[in-house]
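Me: Please take a close look at a single part of this model. I would like to know how that part sits among its surroundings.

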Amino acid sequence: MAQEVRGIIARAKGEPVSLETIVVPDPGPGEAVVQIQACGVCHTDLHYREGGINDEFPFLLGHEAAGIVESVGAGVNDVAPGDFVILNWRAVCGNCRSCLRGRPQFCFNTHNATQKMTLTDGTELSPALGIGAFCDKTLVAAGQCTKVNPAAAPEVAGLLGCGVMAGLGAAMNTGQVGRGDSVAVFGCGGVGDAAIEGARVAGAHTIIAVDLDDKKLEWAKNFGATHTINAANEDPVEKIREYTGGNGADVVIEAIGLPNVYEQAFYARDLAGTVVLVGVPNPEMKVELPFIDIFGRGGALKSSWYGDCLPSRDFPMLIDLYLQGRLNLDGFVSERINLEDVEAAFHKMESGEVLRSVVMIDGVSA
Ligand SMILES: NC(=O)c1ccc[n+]([C@@H]2O[C@H](COP(=O)([O-])OP(=O)(O)OC[C@H]3O[C@@H](n4cnc5c(N)ncnc54)[C@H](O)[C@@H]3O)[C@@H](O)[C@H]2O)c1
Ligand SMILES: [Zn+2]
Ligand SMILES: [Zn+2]
């Protein structure tokens, strides 16, 4: 039977979000209902609220989540009720041209639940990134549930569901950072700091963090930055060359999504080095670079979607590294909050006070 639970809804562009009753259907074929335990507040939730993604209001926000599978529909074999899972927004199809060529991490046909969650008046909800997890329970495609070791706390595990995975993967998967590499990361929010952490775990020798905010640069050191540059006071390209023997970094990661920063990243890299764009640009932005420099500097200019992760391969491995004390995920959780506090968390995110506020669905004591 369909269930009524609480959820955080964005009803209209720019309006504060509200806590409402939502209706979650029983899982149909290939679907699962998940009891959410924790869900991080990500910039993309705010982008939805601001109408920056599309106009399909009302949105059920939240997508960086972990929880327990409550029930599954027909034909679901990979997860079962009681499993501890991280939700992912790239459930691979197995049949598209990329999957068939053995590259499921780039799947071009990722899928979500077929049925819709609704408000009590029947209005269909658009779940953020096909998840919608600022709620007690959500309906997803079973492939969006990735089982991991339940010894990890949900507020930590859920982080891998979006921004932290994007950053870790930008370094480890897309950038292919290896032992002894020099790495520079522009932007030290949750995504950039995760790229720094990923570079550290991958064995980078020099890790240079660039931001405009000294507080962010201090936090970046906790994740393994060996050098920091405040680009408001110093030319980041010159300083990165200085910290890398005059050459530039082997891998430079842009974790902001700004054309001028992308240009800095382009020139801050060594010959034959790699630039990884993980920051998300808006549709109006343009980059202009001398064509001869694109050729003459060699190497690779890459973009990273969700850290080019394959959830089934990467989530369990990263949670195991975390449980072994080899991956710092705790450092991303700035505060634990209640479902009612999402709007306030958006303001903290905008003012740069937090890396991640994480909603604890069962609540936190004041
Ligand atoms: N590719 C993906 O799959 C994916 C997934 C999640 C998020 N993202 C994107 O990653 C980006 C970063 O996300 P976040 O949550 O870390 O954001 P954030 O706002 O927390 O961090 C951005 C950081 O960049 C700094 N900054 C801004 N302008 C700068 C400049 N000119 N030079 C140096 N530093 C500057 C800010 O001070 C801030 O610390 C966003 O664009 C987000 O949409 C991408
Ligand atoms: Zn596919
Ligand atoms: Zn996100």
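Reply: **A helix and its setting**

Just after helix α4, Gln176 takes a positive phi of about 50°. Helices (H or I, at least four residues) and strands (E, at least two) are DSSP runs, numbered from the N terminus. The model is predicted, so local features need pLDDT of at least 70 and side-chain atom pairs 80 or more, while totals for chains, interfaces and linings use all residues. Residues are numbered from 1 along each chain as written, with chains lettered from A and ligands numbered from 1 in written order.

α4 covers residues 163–174. Twelve of its twelve residues are buried, that is, with 20 or more other C-beta atoms (placed from the backbone) within 10 Å of their own. The run of buried residues starts with Gly163, Val164, Met165 and Ala166. Next come Gly167, Leu168, Gly169 and Ala170, and Ala171, Met172, Asn173 and Thr174 complete the list. In the protein chain as a whole, 50% of the 366 residues are buried.

One residue of α4 also leads on to the ligand. Ala166 is among the closest of the 29 residues that surround ligand 1, each with its C-beta atom within 6 Å of it. The other closest residues are Gly187, Gly189, Val191 and Gly257. α4 supplies at least two residues of this shell, and so do α5 (190–201) and β12 (206–211). The largest share, three residues, comes from α5.

Strand β12 also belongs to an open sheet of six strands, in the order β13-β12-β11-β14-β15-β16, with parallel pairing. Two strands pair if DSSP finds at least two bridges between them. At the edges are β13 (227–230) and β16 (300–303), each of which pairs on one side only. Four bridges join β15 (residues 269–277) to β16, and these two strands run parallel. Val275 has Leu301 in β16 as its bridge partner.

Two helices pack on the sheet. α6 (residues 214–222) touches β12 and β13, and its direction makes about 170° with that of β13. α8 (residues 259–267) touches β11 (182–186), β14 (249–254) and β15, at about 150° to the direction of β15. Touching means C-beta atoms within 7 Å; angles run from 0 to 180 degrees between N-to-C directions of lines fitted to C-alpha atoms, for helices over the stretch in contact.

All of this belongs to a protein chain with eleven helices and 18 strands. Its C-alpha trace spans about 65 × 45 × 40 Å along the principal axes.
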